[in-house]
Structure formats: C-alpha cells, structure tokens
Amino acid sequence: MSKTTKIGIGVAVLAVIGIVVGILVTRPKGDFTMPATLSLPVPRTRTGTLDITLTPPQGKVLPAGDITFSIKERLPAGVKATFNPAKITVKSGDDQKKPQKTTLIVEASPEAKTGSYTLTIVAEGGGLTRESKLTLNVQVAPDYSLEVSPATVTVKQGASVTVAVNVKRNETMNDPVDLTVTGAPAGMKVTVDPAKVPADKASATLKIEVPATGVDAKDYTLTITGKAPGIADKTAFLKVTVQLVDFSLKAEPSMVTIRPGASTEVKISIIRTNFTDPVSFRAKNVPAGLSVTFSPASTTGNETTVTIAAAADAAPGSYSFTVEGTAAGKTKTVTISVTIGD
C-alpha cells in the first residue's frame, strides 16, 4: 500500500471520529424539573387530584426510559395516595422534548384527621432524583343543613304563600342539592324553584297554593328532603295552617206575619270567615201573592235587607221561600217563613 493511500484512510478515520465526537458533544443531556411546591386540599370522604408535570430544562431533554413516582413519607392515617400513571416511559426522540405528566390521586376516608401535612413527592429516572414538597390539607367532610324560613305559615283557602328553603353549606360543600316535598294533601299544589339548588345558590323558593275548595281547613306538616352526592339526606319541616274561607247567612227574624197589602222587612246577616268577596242575593220559590226585594242586592258588607210585600188579594196561609247568597263560586241559603193573616 502506498503512503498516499495510508494518509487518505487516516484522514477519513479522523473525520468520522470528529463527527461522532461532535454528535456526542452536541446531544442534549437528559434532565427534568418538577414544581418546587404543590398544594392539595382534600375533604374527608372525598378524592382530590393534582397534576404533576415533568419539564425538561432549557436546552435539555427528558432522559429516555422510565421515570417512577412515589411519596417519601408515610401517609397520614385514613389517607390513600396513588399516581396515574405511577411510571412514565419516555421514548427517545420527540418524546424527550415534551413535558410529561402524572396525576396524584388522594382519597381521605371519614376517619382521616383534619389538618395540614407536608409530604415529599419523588420522581426517579435516568439516574436522576427530583423532589417536590406537597402541602396536603385534609378538610372537614362536605355537609349542609336545610332551614325553612318561616317554619310556620298560614294560607287561606283560595290563596297562596311562599317560603324560603335555605341550603346552608359548610366550607367544603360544593355540590348541588336536590329538593323534594312530601306531606301535602290532595288538591294542595306545592312547587320548589329551583328543585336542584346549584352550588352557587343558597336557597330555593317553596310555593304553596290552596284551592278555594277541596282542602280542609286544618294544620298540615310538609317535609322537605335534600339529597346531595355522598351525604346523608337532610330534612326540614314546614307547618302549614289552612284557614277556612267561607260565609253563611242568617235571617232575623226568620218567621214573619203580614196582612194582605202590607209589607215587612227581614235583615239577612252575612257571617264571614276570612271572606271578603261581594255576596249577591236572590229569592227562590217565592209564593204567589208575595214579592221580595233586596237592598242592596250585592254587598261586600255584612248584611242586606229583604223587603217582603203581600198583594192585597194574597191568600191567607203559611208560606216560605229561600234567600240565596252567591260569592266566589260558593252558594249559601236561608229560609224565611211567611204567614199571611186576615
């Protein structure tokens, strides 16, 4: 082999070595960082989640291979923690340039003691170990109570009334509450608005509508039940007093005597019970020879006057007729007896 050929081979070998060395020198070194501090609040009986991101430093890449996660300290009693995934496998190439993420899932049982705990999250991979300090706050379990305001209401027949149903949440309760009402008698209409009280709303309106007829005037107890995820049902009670709305008639006197060609007056009293509508009057089954007029024929007051007149040729004898009073779909009657004498 000639000297020239040996020199050429040597130059080529040196060139290849230079390229390899250049590649090794310029290839980014595997490394990663995690947040220095993390915080996670978890109420008892609930689960909290926290994303943890591994990031390659500027000008570097993540180490290829597996990166595993763990917690250095022993967990507080009643607290369970898992990582999803517990191991990240970083593939060589583009995977090394992108941040990678795992999710810490912490469950706090009802027995977990409330308080603040400092834990260390450890990530290991590529010959590296990185740590983050986690402040875990175990909080009281979500809870709430129901309160009806006012707790006792009175509603007249034919009327309606509204009350407030207050949802009193504690500091960790952030769920909607479904409300239902039981105990209403047939005919009484009860509605709740909204029936699902959202997390950002503290009350609902309960409306009670009582028809003019069909619901007896007495006391009723309604039960309001609240349902929320993971919490025992709550109840509140509302006492509803339905007031009678009615009237009756009384004739004073109810028996009169009239001579033919004469007249007399009878007072009709209206006995009202929470009743304010006007009452209209008419006479029914008036015997021949008698005429009946009312003054006034309709009134919002408490009485009217009936004038009974006998014709000059009215036949003597004992008779009767009915005074009928009508108001708000109700009709009441009273009977007046009339004797026509000689």
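Q: What is pLDDT, and which mean value does the protein chain reach?
A: pLDDT is the predictor's confidence in each residue, from 0 to 100. The model is a predicted one. Of the residues in the chain, 92% reach 70 or more, and the mean pLDDT is 92.

Q: How many contacts does the stretch of residues 7–25 have beyond near neighbours in sequence?
A: Residues 1–5 stay under 50 in pLDDT, with two contacts beyond four places in sequence. Where pLDDT is low, the predicted coordinates should not be read in detail. Over residues 7–25 the pLDDT is also below 50, and beyond near neighbours in sequence the model gives this stretch one contact.

Q: Which strand gives the most residues to the largest nonpolar core?
A: The largest nonpolar core has 29 residues, and L179, I208, L238 and V240 have the most contacts inside it. Several strands each supply at least two of its residues, among them β9 (144–149), β12 (177–182) and β16 (219–228). With five residues, the strand that gives the most to this core is β17.

Q: Which residues does V240 touch, leaving out those up to four places away in sequence?
A: V240 is among the residues with the most contacts inside the largest nonpolar core. I208 is also in that group, and I208 is one of the residues V240 touches. The full set is V153, V155, M188, I208, K218, D219, Y220 and L222.

Q: How far apart in sequence are the parts tied together by E209 and K189?
A: The side chains of E209 and K189 meet in a salt bridge, with 4.0 Å from N to O. E209 lies in strand β15 (residues 203–209) and K189 in strand β13 (residues 189–193), so the pair ties together parts that are 20 residues apart in sequence.

Q: Is D246 buried or partly exposed?
A: D246 forms a salt bridge with K332 at 3.2 Å, N to O. D246 lies in strand β18 (residues 246–252) and K332 in strand β26 (residues 330–340), so the bridge ties together parts 86 residues apart in sequence. K332 has a relative accessible area of 24% and is partly exposed. Buried means under 20% relative accessible area; at 17%, D246 is buried.

Q: What is the relative accessible area of E324?
A: E324 and K284 meet through their side chains in a salt bridge of 3.6 Å, N to O. The pair links distant parts of the chain, with E324 in strand β25 (residues 317–327) and K284 in strand β21 (residues 279–284), 40 residues apart. K284 is partly exposed, at 31%. E324 is buried, with a relative accessible area of 11%.

Q: Which residues of strand β22 point to one face and are buried?
A: In a regular strand the side chains alternate between the two faces of the sheet. Strand β22 (residues 290–295) shows alternation, with S291, T293 and S295 pointing to one face and not buried. Pointing to the other face, and buried, are L290, V292 and F294.

Q: Which residue in β24 is the bridge partner of T293?
A: Strand β24 (residues 303–310) pairs with β22 in the antiparallel sense, over six bridges. T293 belongs to β22, where its side chain points to the face whose residues are not buried. In β24, its bridge partner is T307.

Q: Which strands stand at the edges of the open sheet β2-β6-β4?
A: The three strands of this open sheet follow the order β2-β6-β4, with antiparallel pairing. The edge strands each have a single partner strand, so one side of each is left without a neighbour in the sheet; they are β2 (47–54) and β4 (79–84).

Q: Which residue in β6 stands opposite T82?
A: β4 pairs with strand β6 (residues 100–108) over six bridges, in the antiparallel sense. Opposite T82 in β6 stands I105.

Q: Where does P296 lie, the residue whose peptide bond from S295 is cis?
A: Most residues other than glycine have a negative phi, and most peptide bonds are trans. The bond from S295 to P296 is cis, with omega near -5 degrees. P296 lies in the loop between β22 and β23 (298–299).

Terms used: Residues numbered from 1 in each chain as written. Predicted model: local features only at pLDDT ≥ 70, side-chain atom pairs only at ≥ 80, totals over all residues. Heavy atoms only, no water. Helix = DSSP H or I, 4+ residues; strand = E, 2+ residues; numbered from the N terminus. Buried < 20%, exposed > 50% of the residue type's maximum accessible area, 1.4 Å probe, protein only. Pairing = 2+ DSSP bridges. Core = buried A, V, L, I, M, F, W, Y, C linked by side-chain atoms within 4.5 Å. Contact = heavy atoms within 4.5 Å.
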